[in-house]
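Visitor: I'm new to this one and would like a close look at a single part of it. Could you start small and then show me what lies around that part?

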Number of protein chains: 2
Amino acid sequence: MNTASADEPRWLSDEEQRTWRAYMHATTLLEDHLDRQLQRDAGMPHIYYGLLVQLDEAPHRRLRMTELAMHAKITRSRLSHAVARLEGNGWVRREDCPSDKRGQFAVLTDEGREELRRTAPGHVAAVRQAFFDRLTPEQHKALGEAMRLIAEGLEPEGAGADLPWLR
Amino acid sequence: MNTASADEPRWLSDEEQRTWRAYMHATTLLEDHLDRQLQRDAGMPHIYYGLLVQLDEAPHRRLRMTELAMHAKITRSRLSHAVARLEGNGWVRREDCPSDKRGQFAVLTDEGREELRRTAPGHVAAVRQAFFDRLTPEQHKALGEAMRLIAEGLEPEGAGADLPWLR
């Protein structure tokens, strides 16, 4: 008799278990590795570096705080904390939004841009060495595609999703 | 004249850039998603759940603190903090190691095992829905292989590596 039912948890197979653990190990180790590299080189964690990059690529090197949180996939409270630290370093400044009393922009300063220029070569070398250089071009492509599918699933179109920057 | 030199940073190509951003987006969103699910369901972040699983699978449901940090790929200080919280919930207890005055074990309690039983179906459903169900079996396989290669590169055999649990 088959006792499985629709309510029975669909436990992971041994192979799925191995895939999931490899994913957890790689992502945990890589984030630690990149944090260490950037802390050593620039005294900032990886997440802060990503914020500077986002601002550098934005028109006039500025983004609304809510847009910046959305690009970085983090909560607004985590972003506020990060921007306060980056402001303390002189790399970012905040500007009020003239059309919206409650809105604020984050702007990359010249010092912030200079810091990014100085730091980028070491960071890209670390990403290459730990990530791209370990994989064949076919593996990059497959990994990129899988990651896009997972990200899209977690960020559905339309309202109502529990996304960090909407909290 | 070709001005490229060995010192020139090997910047990411547009396709590598897209792969890297998809990786960052997927990993950031997924960790947030699993944290939210476990916080709602059990009042603990994803990392704590992983510690309970490790202990549940260990002989006599106990591991040295240093082994547990190594399995979870985290620093001993982060582990101490987590175990103190889990101890507060009655899910883990610490025991001194009789053969090593400075060593300590973490042990999963009956309450901790019960909590894990209660929480596992919801967690595995979230992992399936956000990760495995988004991908074909070929994509699982490719992703698992890529993640294993990245994890191995960051955890080299032999001494001297800057690994979280050795700090």
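Visitor: How many bridges join strand β2 (residues 92-97) of chain A to β3(A), and in which sense do the two strands run?

Guide: Happy to, with one thing to keep in mind: this is a predicted model. Six bridges hold β2(A) to β3(A), and the two strands run antiparallel. You can pick out particular partners along the way. Arg94(A), for instance, has Ala106(A) as its bridge partner in β3(A), and Asp96(A) stands opposite Gln104(A). If you follow the chain from β2(A) to β3(A), you pass through just two residues, and the two strands make a hairpin.

Stay with β3(A) for a moment, as it has another neighbour. Strand β1 (residues 62-64) of chain A pairs with β3(A), which covers residues 100-108, again in the antiparallel sense and over three bridges. Here Arg64(A) stands opposite Phe105(A). So β3(A) pairs with β1(A) and also with β2(A).

Now look across at chain B. There, six bridges join β2(B), residues 92-97, to β3(B), and these strands run antiparallel. The two form a hairpin with two residues between them. Asp96(B) is bridged to Gln104(B) in β3(B). Strand β1(B) comes in too, joined to β3(B) by three bridges and running antiparallel to it. One pair to find there is Leu63(B), standing opposite Ala106(B).

How do the two chains relate as wholes? Turn chain A by 180°, with 0.0 Å of shift along the axis, and it superposes on chain B with an RMSD of 0.0 Å. The two copies are therefore related as by a two-fold rotation axis. If you want a landmark for that axis in chain A, go to Leu143(A): its C-alpha is the nearest one, 2.9 Å away.

Next comes the place where the chains meet. In chain A, 65 residues are in contact with 65 residues of chain B. The copies meet through the same surface, because 100% of the interface residues of chain A are interface residues in chain B as well. About 5900 Å² is buried between the two chains, and carbon and sulfur atoms give 67% of that. Trp20(A), Leu29(A) and Arg128(A) supply 11% of what chain A buries against chain B, more than any other three residues.

There is plenty of charge to look at here as well. The model has 30 salt bridges over all chains, and the count between chain A and chain B is 12. One of them links Arg21(B) with Glu57(A), where the closest N and O atoms are 2.9 Å apart. Another salt bridge links Asp162(B) with Arg40(A), at 4.0 Å between the closest N and O atoms. That pair runs from the segment after α6 (137-154) of chain B over to helix α1 of chain A. Across the interface there are also 16 residue pairs in polar contact, counting pairs with both residues at pLDDT 80 or more.

Which helices of chain A take part? At least two residues each come from α1 (14-42), α2 (46-57), α3 (65-72), α5 (110-130) and α6 (137-154). Helix α1(A) gives the most to this side, with 21 residues. Sorted by class, the side of chain A that touches chain B has 32 nonpolar, 12 polar and 21 charged residues.

Conventions. Residues are numbered from 1 along each chain as its sequence is written. Chains are lettered from A and ligands numbered from 1 in the order in which they are written. This is a predicted model: local features need pLDDT of at least 70, side-chain atom pairs count only at pLDDT 80 or more; totals for chains, interfaces and linings use all residues. Side-chain values use heavy atoms; hydrogens and water are left out. Contact means heavy atoms within 4.5 Å. Buried area is the accessible area (1.4 Å probe) that two parts lose on being put together, summed over both. A salt bridge is a side-chain nitrogen of Lys or Arg within 4 Å of a carboxyl oxygen of Asp or Glu. A polar contact is a pair of N or O atoms within 3.5 Å; within protein, one must be able to donate a hydrogen and the other to accept it, and residues adjacent in sequence count only if both atoms are side-chain atoms. Helices (H or I, at least four residues) and strands (E, at least two) are DSSP runs, numbered from the N terminus. Ala, Val, Leu, Ile, Met, Phe, Trp, Tyr, Cys and Pro count as nonpolar, Asp, Glu, Lys and Arg as charged, and the others, Gly among them, as polar. Two strands pair if DSSP finds at least two bridges between them. Copies are superposed by least squares on the C-alpha atoms of residues with pLDDT of at least 70 in both.
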